[in-house]
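Student: Please take a close look at one part of this model for me: the strands and how they pair. Go strand by strand, turns included.

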Amino acid sequence: MQRNNGYRSAGTTGQKRRVRKRRRTIRPRAIVLGVVILIIIAVAISWKSLFRSDTVEEQQSSVQSEQSVSSTDENMQQSASSTDESVPQSEASTGESEQQSESSVTGELSESEPDIQVVDGITYVNGILIANKSYSLPADYNPGVLPEAQSAFDEMAAGAAKDGINLYIASGFRSYEYQQGLYQRYVERDGAEMADTYSARPGHSEHQTGQAFDLNEISDAFAGTPEAEWLEKHAHEYGFIIRYPADKEDITGYNYEPWHVRYLGKETAEKVYESGLCLEEYLGIDSVYAD
Ligand SMILES: [Zn+2]
């Protein structure tokens with residue numbers, strides 16, 4: 001039946017067949033092409049998605065790192081603020097460690113924190129009796145001149161005499177009461193602020209220790225004299241130091257006094273002299289009035 005019909009409609013059937021044939025021949029190519037295109041698209045998509053996921057990961061990781069940075073900042077701020085908070089609490093220990101580092105900076109001679117002992121109101125730093133603006137003596141402390149200091153001076157004066165230098169004590173031991181009167185006169189004359197630069201308040205004078213002497217001329221005119229130069233060179237050989245050196249005013253709390261010597265004993269005086277430090281620096285202490 002088809003044939004007949006087919007004959008009748010041979011033209012159309014033939015056309016259809018040709019078309020079918022063409023379709024048949026086209027189909028495999030199209031399928032191959034389609035598959036190739038699909039593969040290409042698939043590859044492209046997967047590539048894109050791979051690339052995209054990479055960048056997303058990168059972005060995410062960069063975001064994460066930013067977050068971690070900001071969180072680090074927060075940590076730092078937190079630790080900084082916690083440090084700030086802990087500062088007042090550990091102020092004393094910080095001060096101590098500062099003193100420690102200061103004294104360690106000032107030389108091998110005072111490596112450790114100063115050993116400060118107060119016995120009957122008298123302060124000893126590393127065994128050395130100290131009277132300065134920070135450390136005072138009791139009003140009733142009246143030792144007089146220390147015999148060792150006196151004999152050391154006598155020896156020094158004899159040594160100086162051999163070099164043609166005449167040394168004499170202008171002011172030795174001074175009691176609390178004497179210093180009180182002296183300081184009061186200076187305050188009345190120059191005012192307290194000025195007086196504090198050259199005269200000790202009662203209880204703070206090294207003269208009350210009995211281990212300090214003012215030699216020869218108690219005035220700036222003494223500086224540069226043969227006597228002052230001899231002292232500068234040789235005092236340590238007899239156990240004395242120039243207690244208030246030039247350029248150490250801020251540390252000792254006093255103007256340069258080339259005439260004021262302090263007895264420390266030969267060994268210590270030698271060490272302080274060699275260090276080039278004033279006594280406060282050498283011991284790692286300060287000299288400042290509390291008020
Ligand atoms: Zn003096």
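Tutor: Start with a hairpin. β1 and β2 form it, with 2 residues between them. One residue in the turn, D120, has a positive phi of about 55 degrees. Keep in mind that this is a predicted model. β1 covers residues 116-119, and it pairs with β2 in the antiparallel sense over 4 bridges. One bridge to look at joins V119 to I122, its partner in β2.

Now follow the chain out of β2. This strand spans 122-125, and β3 spans 128-129. β2 and β3 form a hairpin with 2 residues between them. They run antiparallel, joined by 2 bridges. Y124 has its bridge partner in β3, namely L129.

The turn of this hairpin holds N126. What is its phi? It is positive, about 50 degrees, although N126 is not a glycine. How exposed is N126? It has 19 other C-beta atoms within 10 Å. A residue counts as buried at 20 or more and as exposed at 12 or fewer. N126 is therefore partly exposed.

Next comes the open sheet. It has 4 strands in the order β4-β5-β7-β6, and the pairing is antiparallel. The edges are β4 (169-171) and β6 (240-244). Each edge strand has a single partner strand, so one side of each is left without a neighbour in the sheet. On average, neighbouring strands of this sheet are turned by 50 degrees against each other, direction ignored. As background, side chains in a regular strand alternate between the two faces of the sheet.

Take the β4 edge. Its partner is β5, residues 212-215, and 2 antiparallel bridges hold the pair. Find S171 here: it stands opposite D214 in β5.

Cross to the β6 edge. β6 and β7 run antiparallel and are joined by 4 bridges. F240 stands opposite Y263 in β7. Is β6 covered or open? It is mostly covered, since 5 of its 5 residues are buried. Set that beside its place in the sheet: β6 stands at an edge, with a single partner strand.

A helix belongs in this picture too. α7 (residues 226-234) lies across β5, β6 and β7. Against β7 (257-263), this helix runs at about 35 degrees.

Follow the chain beyond β6. D247 sits in the loop between β6 and α8 (249-252). Its phi is positive, about 65 degrees, although D247 is not a glycine. Is D247 buried or exposed? With 8 C-beta neighbours inside 10 Å, D247 counts as exposed. N126, by contrast, is partly exposed.

Finally, the wider setting. The protein has 10 helices and 7 strands. Of its 291 residues, 25% are buried. Contact range can be put in numbers as well. Take contacts between residues at least 6 apart in sequence: 68% of them join residues at least 24 apart.

To retrace the route, begin at the β1-β2 hairpin, with D120 in its turn. Go on to the β2-β3 hairpin, with N126 in its turn. Then read the open sheet in its order, β4-β5-β7-β6. Finish in the loop between β6 and α8, at D247.

Key:
Residues are numbered from 1 along each chain as its sequence is written. This is a predicted model: local features need pLDDT of at least 70, side-chain atom pairs count only at pLDDT 80 or more; totals for chains, interfaces and linings use all residues. Two strands pair if DSSP finds at least two bridges between them. Axes are lines fitted to C-alpha atoms, for helices over the stretch in contact, and angles run from 0 to 180 degrees between N-to-C directions. Two residues are in contact if their C-beta atoms, placed from the backbone, lie within 7 Å.
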